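Notebook open, viewer loaded. I'm jotting down what I look up, roughly in the order I get to it.

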Amino acid sequence: MPVEEILLYLANNNFTYEYVLIFFILSIIGFSLPIPYTLIIITNVYVFGWLGFFLVILSVPLGSLITFFYVKKFSNFIRKIKFFHKIFQNKLNNTIKFYNNIYILILIRATVPFFLASVIFSLTNISIKKYLYTTIIGTFSYIFLCSLIINSVRDSIINYNDIIISWNDPRLFLSLIIMLLLVFFGKKINIKLFNNKKK
């Protein structure tokens, strides 16, 4: 089956709630693994529209929580080995003090790749409450902007019943501009943040 037909089928689908549940479970698993989380957002939103947005909003904290627990479990195992004990005790938790600053945590969550941020946070002494709070707040704007873009593309495909992107849709170009600005400023802030840590 050609890619165009698959995209048209997915955009015009009438999937039942059983499929919604399957996508929800798969999304939770996906967010707990080193899979680009933008891909999971695009898939959910493209298939289910704004329902997919809510699926992502619910599955992001749950998936990141799974990462938190298995990284904690793994780090506890490593700490028992004498060679790694000093590395974790002296370097990780003593030099990386950002987990005390909620604003820096939100900024890192919003700009650093999702799985990498989950692992970094999990290796610190951050509380579960703070971890979940920063995950929800830090990822919301990106998920929302990404959902606006995908929904604009999806609506255009449904309306024209063809792979056509309506570039005059303000949801599309405004979201793209804001997202590019966020990426640009996020990189600038991350460079400054990591440069300050080295000092």
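Is L132 buried, partly exposed or exposed? I looked it up in this predicted model: L132 is partly exposed, because its relative accessible area is 22%, and the cut-off for buried is under 20%.

**Entry 1: L132 and its surroundings**

I placed L132 in helix α8, which covers residues 128-160. Next I wanted its partners from elsewhere in the chain. Setting aside neighbours within four places in sequence, I found L132 in contact with P61 and L65. I also took a C-alpha distance: L132 and L62 are 70 residues apart along the chain, and their C-alpha atoms are separated by 8.7 Å.

**Entry 2: the whole chain**

I stepped back for an overview. How many helices and strands are there in the protein chain? I count 9 helices and 0 strands, so the pattern read along the sequence is simply α-α-α-α-α-α-α-α-α. The protein chain has 199 residues, and buried ones make up 40% of them. I then checked contacts between residues at least 6 apart in sequence, and 71% of these join residues at least 24 apart. For the surface I noted about 12000 Å² accessible, with 72% of that belonging to carbon and sulfur atoms.

**Entry 3: S59**

Back to single residues. S59 has its place in helix α4, residues 50-79. I checked its exposure: S59 counts as buried because its relative accessible area is 0%, where under 20% is the cut-off. What does the side chain of S59 have for polar company? I found the backbone oxygen of L55 at 2.8 Å from a polar atom of that side chain. Leaving out residues up to four places away in sequence, S59 touches F24, S27, I28 and F31.

**Entry 4: N44**

S27 turned up again when I went to N44, as a polar contact of 2.8 Å joins the side chains of N44 and S27. N44 sits in helix α3, residues 37-48. Buried or exposed, I asked of N44? N44 is buried, at a relative accessible area of 2%. Its contact list, not counting residues up to four places away in sequence, reads F23, S27, G49, G52, L55 and V56. So S27 is on the contact list of N44 and on that of S59.

**Entry 5: one side of α6**

I pulled the buried residues of helix α6 (residues 102-111) and got L105, I106, I108 and R109. Why do they end up on the same side of α6? They cover an arc of only 160 degrees around the axis, so they share a side of α6. My reminder to self: an α-helix has 3.6 residues a turn, so residues three or four places apart point the same way.

**Entry 6: the nonpolar patch**

Then I went looking for greasy surface. I found a nonpolar surface patch of about 970 Å², made by Y19, L21, I22, I25, L26, I29, L33, I35, L39, I66 and Y70. The elements giving two or more residues to the patch are α2 (17-31) and α4. Which of the elements gives the most? That is α2, with 6 residues. I confirmed that L21, one of the patch residues, is found in helix α2.

**Entry 7: a few more spots**

I finished with some residues that are not buried.

- F69 is found in helix α4 and is partly exposed, with a relative accessible area of 45%. F69 and S32 are 37 residues apart along the chain, with their C-alpha atoms separated by 10.0 Å.
- S141 has its place in helix α8, the helix where L132 is also found. S141 is partly exposed at a relative accessible area of 35%. From S141 to A110, 31 residues apart along the chain, the C-alpha separation is 8.0 Å.
- P113 lies in the loop between α6 and α7 (114-122). P113 counts as exposed because its relative accessibility is 54%, and the exposed class starts over 50%. The C-alpha atoms of P113 and T38 are separated by 9.6 Å, with their positions 75 residues apart along the chain.

Conventions. Residues numbered from 1 in each chain as written. Predicted model: local features only at pLDDT ≥ 70, side-chain atom pairs only at ≥ 80, totals over all residues. Heavy atoms only, no water. Helix = DSSP H or I, 4+ residues; strand = E, 2+ residues; numbered from the N terminus. Buried < 20%, exposed > 50% of the residue type's maximum accessible area, 1.4 Å probe, protein only. Contact = heavy atoms within 4.5 Å. Polar contact = N/O pair within 3.5 Å; in protein donor to acceptor, adjacent residues only side chain to side chain. Areas by Shrake-Rupley, 256 points an atom, 1.4 Å probe, with all protein chains shown as cover. Arc of directions from axis to C-beta. Patch = residues over 30% accessible without salt bridge, like charges linked within 9 Å, V, L, I, M, F, W, Y side chains within 5 Å. Salt bridge = Lys/Arg side-chain N within 4 Å of Asp/Glu carboxyl O.
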